[in-house]
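Trainee: Please show me how to read the features of a protein model, one at a time. I would like the general idea and then the case in hand.

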Amino acid sequence: KMAAAAGAAAAAGLWSEVNRCGQNGDFARALKSINKILQINKDDVTALQCKVVCLIQNGNFKEALGIINTHTKVLTSDVIAFEKAYCEYRLNRIESALKTIQSASQQTDKLKELYGQVLYRLERYDDCLAAYRDLIRNSQDEYEEERKTNLSAVVAAQSTWEKVVPEDLGLQEATYELCYNSACALIGQGKLNEAMKKLQKAEELCRQSLSEDSDVTEEDIEAELAIIHGQMAYIMQLQGRTEDALQLYNQIIKLKPTDVGLLAVIANNIITINKDQNVFDSKKKVKLTNAEGVEHKLSKKQLQAIEFNKALLAMYTNQADQCRKLSASLQSQSPEHLLPVLIQAAQLCREKQHAKAVGLLQDFADQHPANAAEIKLTMAQLKIAQGSVTKACMILRSIEELQHKPGMVSALVTMYSHEEDIDSAIEVFTQAIQWYQQHQPKSPVHLSLIREAANFKLKHGRKKEAISDLEELWKQNPKDVHTLAQLISAYSLVDPEKAKVLSKHLPSSDTMSLKVDVDALENSHGATYVRKKAAKLTGDNQQKEQGQGEVKKKKKKKKGKLPKNYDPKVTPDPERWLPMRERSYYRGRKKGKKKDQVGKGTQGSTTTGSELDASRTASSPPTSPRPGSGAAVSAASNVIPPRHQKPAGAPATKKKQQQKKKKGAKGGW
């Protein structure tokens, strides 16, 4: 009895210690006291519960869950349901946590809070939204703001991942978290400018909130703002401002935030900007997407997008085996998804295996008819790249849901025209027009297709078929003058009498006259032709106009310039217009010593004037000096002042001689 009393006294002292440590938040010291209590009584339910709580507070979730599972007889689900579910949630065993919550006999407020978190992680957003609405409606405590924040996060997730138009919850955006979630919802709707304004407001609120705490440094504020700045950079990227986005992304990475999910998303977005450029940077960034715990921080679609980009990066870096491995893994995870197959086909095309790529796409289209349209468009593109335009047209025409679309009709007609298959092109028009006649007879596209078909037929000589289309158009709108004019023009080539009959339906010129100020139009900016105002005729001009009619004004001829060495006493050479080689007196170039000596010799040697004087040559006729003589005559006749005279025997360089000859030859007579 005394031992039992001593044990009870010791236990009471230990419980007092546990209580004091719990109030002070010293859970490690409390755990020591609890272990001593359990040595006294190993099945003490309260002690076991307290031990689990202390381990959870210290972050030892695995050990806490182990104690719960080893003492199932004592710690029943009714007693420890919340702690067990919370440990499973923190250990990322989300499905187990959901089962634990659902199996609890009593749904406490704590379990409901945890239930909302579990549903969010499982991406069951509709159920999650209902759970948080119920919590906000039926609870009043200091955690109301946190619940509203979680509710807005659910709405943002629905808008982003499920493309659901969010309903207005009437939440006052008093905190930066609420403002941030509202911006995410706007991004999901594509309202990027509004989202950017919300994010700027969230940044201001965040700075105000954190600056009130004196212990918070500027670095702490920047770390908290990292997720807001990351979302701003994403909006810039969506708007095409890739340089600004890249700069902001790199600034966030330099801060080294502890959120591995944020780093993974930013690294992935940088890789998408780099594409097939700057692959070394992309290889560095892809390591951030492989960090531990990333899979628990991001949604399934985010993780899937990262894996797609890894496969594309492997393709861009010529890692064919790695690309095939990643794309095959993605296809096994999501058999109905298009991207893995398209990546595999692109890799095959890079390896020049176009036929194999087309076969792969065809197999996928057969297995998944719902996605066949996009796959067939890719197949057609590959066929065009191979030069098989007709086969590409056949593939495109097999896409029934797109046959009547104006874009498809235009593409097919262009391709058939390129192949000079006019009948097939007209058949494409006919099928599209028939579809609209059955489903949308009054659609503007229907009438537009008929007009385009008529124009195409006229262009390629199918006049009767074109007339049929134009008559149909005119019946639809008898007041359409443009269609009537086209119809008359077409009939004039086939049946002129019919054209005359139809021309009576054209409105008169009076009714069609347009009130146009011609002068204002001609004087307007950009007018290519301006009518000159007629000059007033006066006096003699009027008489000339009346007597002689129109007389063209004669242009004055300018007097031709005579050469400087022109001598009026000398008869000009009649052959002066002929090239020197074609003149009757041309004897060819002289060969001999005299020619070899011209312009040659040592520096300072002289050349006699008789050697360069062309007037002394025997071949020149007495009445007509040779063109080369003009320079010599001109030089001899001009008296040079003493200051400009050269000393006797000064050498005449070859360059000077050539200049004089050119000057004389210019006006040779």
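Mentor: Start with Cys-349, which counts as buried at 17% relative accessibility. Buried means under 20% relative accessible area, exposed means over 50%, and partly exposed lies in between, with a 1.4 Å probe and protein chains only. Cys-206 is also buried, with a relative accessibility of 0%.

Trainee: What should I know about the model and its numbering before I go on?

Mentor: This is a predicted model, in which local features need pLDDT of at least 70 and side-chain atom pairs count only at pLDDT 80 or more, while totals for chains, interfaces and linings use all residues. Residues are numbered from 1 along each chain as its sequence is written, and side-chain values use heavy atoms, with hydrogens and water left out.

Trainee: How many disulfides are there?

Mentor: A disulfide is a pair of cysteine sulfur atoms within 2.5 Å. By this rule the count is zero.

Trainee: How many helices and how many strands does the chain have?

Mentor: Helices (H or I, at least four residues) and strands (E, at least two) are DSSP runs, numbered from the N terminus. The chain has 35 helices and zero strands. Of its 669 residues, 34% count as buried.

Trainee: What share of the contacts links residues 24 or more positions apart?

Mentor: Contact means heavy atoms within 4.5 Å. Among contacts with a separation of 6 or more, 48% join residues 24 or more positions apart.

Trainee: Take one helix, H7. Which of its residues are buried, and against which helices do they pack?

Mentor: Begin with its length. The expected span of a helix is 1.5 Å times one less than its number of residues. H7 covers residues 109-121, 13 in number, and reaches 19 Å from first C-alpha to last, close to the 18 Å expected. Its buried residues are Leu-111, Leu-114, Gly-116, Val-118 and Leu-119. These pack against helix H5 (77-90), helix H6 (94-103) and helix H8 (125-138).

Trainee: Just after H7, which residue takes a positive phi?

Mentor: Most residues other than glycine have a negative phi. Glu-123, just after H7, has a positive phi of about 60°. Asn-318 is another case, with phi near 60°; Asn-318 sits in the loop between helix H17 (300-316) and helix H18 (320-333), and is exposed at 60% relative accessibility. Lys-352 has phi near 65°. The place of Lys-352 is the loop between helix H19 (338-350) and helix H20 (354-367), and Lys-352 is exposed too, with a relative accessible area of 68%.

Trainee: How many aromatic pairs does the structure hold?

Mentor: Rings of Phe, Tyr and Trp (its six-membered ring) pair if their centres lie within 6.5 Å; planes under 30 degrees apart count as stacked, over 60 as edge-to-face and the rest as tilted. The structure holds five such pairs. One of them is Phe-429 with Phe-456: the centres are 5.8 Å apart and the planes make 50°, so the pair is tilted. This pair links distant parts of the chain, 27 residues apart, with Phe-429 in helix H24 (residues 422-439) and Phe-456 in helix H25 (residues 444-459). Phe-429 is buried at 7%, and Phe-456 is buried at 11%.

Trainee: And how are the rings of Trp-435 and Tyr-436 arranged?

Mentor: Their centres are 5.0 Å apart and their planes stand at 80°, so the pair is edge-to-face. Trp-435 is partly exposed at 24% relative accessibility, whereas Tyr-436 is buried at 5%. Elsewhere, Phe-61, Phe-82 and Tyr-86 form one aromatic cluster.

Trainee: Now two serines. Is Ser-33 buried or exposed?

Mentor: Ser-33, in helix H2 (residues 27-40), is buried at 7% relative accessibility. Leaving aside neighbours within four places in sequence, Ser-33 is in contact with Leu-14, Glu-17 and Val-18. Ser-410 belongs to helix H23 (residues 406-418) and is partly exposed, at 44%. The C-alpha atoms of Ser-410 and Val-428 are 9.2 Å apart, with the two positions 18 residues apart along the chain.

Trainee: What does UniProt list for residues 226-259?

Mentor: The unreviewed UniProt entry lists "repeat: TPR" there. UniProt positions are given in the numbering used here, feature names are shortened, and annotations may be inferred rather than shown by experiment. In the model, residues 226-259 are 76% helix and 0% strand, with the end C-alpha atoms 10 Å apart.
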